[in-house]
Amino acid sequence: MIDLYTWTTPNGRKISIALEELGLPYKVIPVNLQKEEQFSPAFTAINPNQKIPAIVDHDVPGGPLSVFESGAILVHLAEKTGRFLPKDARGRATTMQWLMYQMSHVGPIIGQTGHFVNQAPEKIPTRSSASSASRCASSASSTRASRAAITSRVTTRSPTSPPTRGSSPPGSRSGT
Ligand SMILES: N[C@@H](CCC(=O)N[C@@H](CS)C(=O)NCC(=O)O)C(=O)O
């Protein structure tokens, strides 16, 4: 059983989605950010950085294991189940680079945009550049992600099963 410490935010949702997709049994323990429950001593013992999400995995040799940082949790769950993280060098590197990109770039940029545009009491001029940086991150992700998906479909296609008509978007055939 896994205890999921979370709240209704994008980083929290990432772990809920992964647990559902992996079919792992888990129990949700809400950490109400509006009530600042992330600063409680009990939760700080699980995540010293005082942010959701965090998990405690009770099914690990040596006793319960607590993990914080959504990317580290996703890797733990993938390795635990042997799914979503390829073992070959190419597949693993591709997956890890997009995970690191999301963690270090898309997530923080969009999070900061949300704060400065919607929540910060003082409206400062840089909020417009935060907003455009956010649009840029989001556009780069969707463009590159669709290209990566196309490449992956082309390069992983078995030579014995040729593509059916219309299975690839226009321009995605490599010709090799
Ligand atoms: N890099 C962390 C970010 C976690 C994070 O920023 N969590 C937010 C909610 S999405 C939080 O707990 N905020 C409360 C606070 O900062 O006090 C991760 O991916 O897990």
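Colleague: How do you know that the shell around the ligand divides into four nonpolar, five polar and two charged residues?

Modeller: By residue type: Ala, Val, Leu, Ile, Met, Phe, Trp, Tyr, Cys and Pro count as nonpolar, Asp, Glu, Lys and Arg as charged, and the others, Gly among them, as polar. A caution: this is a predicted model, where local features need pLDDT of at least 70, side-chain atom pairs count only at pLDDT 80 or more, and totals for chains, interfaces and linings use all residues. Numbering runs from 1 along each chain as its sequence is written.

Colleague: What makes a residue part of the group around the ligand?

Modeller: Its C-beta atom, placed from the backbone, lies within 6 Å of the ligand. Those residues include Leu33, Lys51, Glu69 and Ser70.

Colleague: Why are Ser70, Ile73, Leu74 and Leu77 of α3 called buried?

Modeller: Buried means that 20 or more other C-beta atoms lie within 10 Å of a residue's own, with C-beta atoms placed from the backbone; these four in α3 are classed as buried, so they meet that cut-off. They cover an arc of only 100 degrees around the axis (taken from the directions from the helix axis to the C-beta atoms), which puts them on the same side of α3.

Colleague: What does Ile73 touch, not counting residues up to four places away in sequence?

Modeller: Ile73 touches Ile15, Pro53, Ile55 and Val67, a contact being C-beta atoms, placed from the backbone, within 7 Å.

Colleague: How do you know that the span of α3 is close to the expected one?

Modeller: The expected span is 1.5 Å times one less than the number of residues. With 12 residues, α3 reaches 17 Å from its first C-alpha to its last, close to the expected 16 Å.

Note on methods. Two residues are in contact if their C-beta atoms, placed from the backbone, lie within 7 Å. Helices (H or I, at least four residues) and strands (E, at least two) are DSSP runs, numbered from the N terminus. A residue is buried if 20 or more other C-beta atoms lie within 10 Å of its own, exposed if 12 or fewer, and partly exposed in between; C-beta atoms are placed from the backbone.
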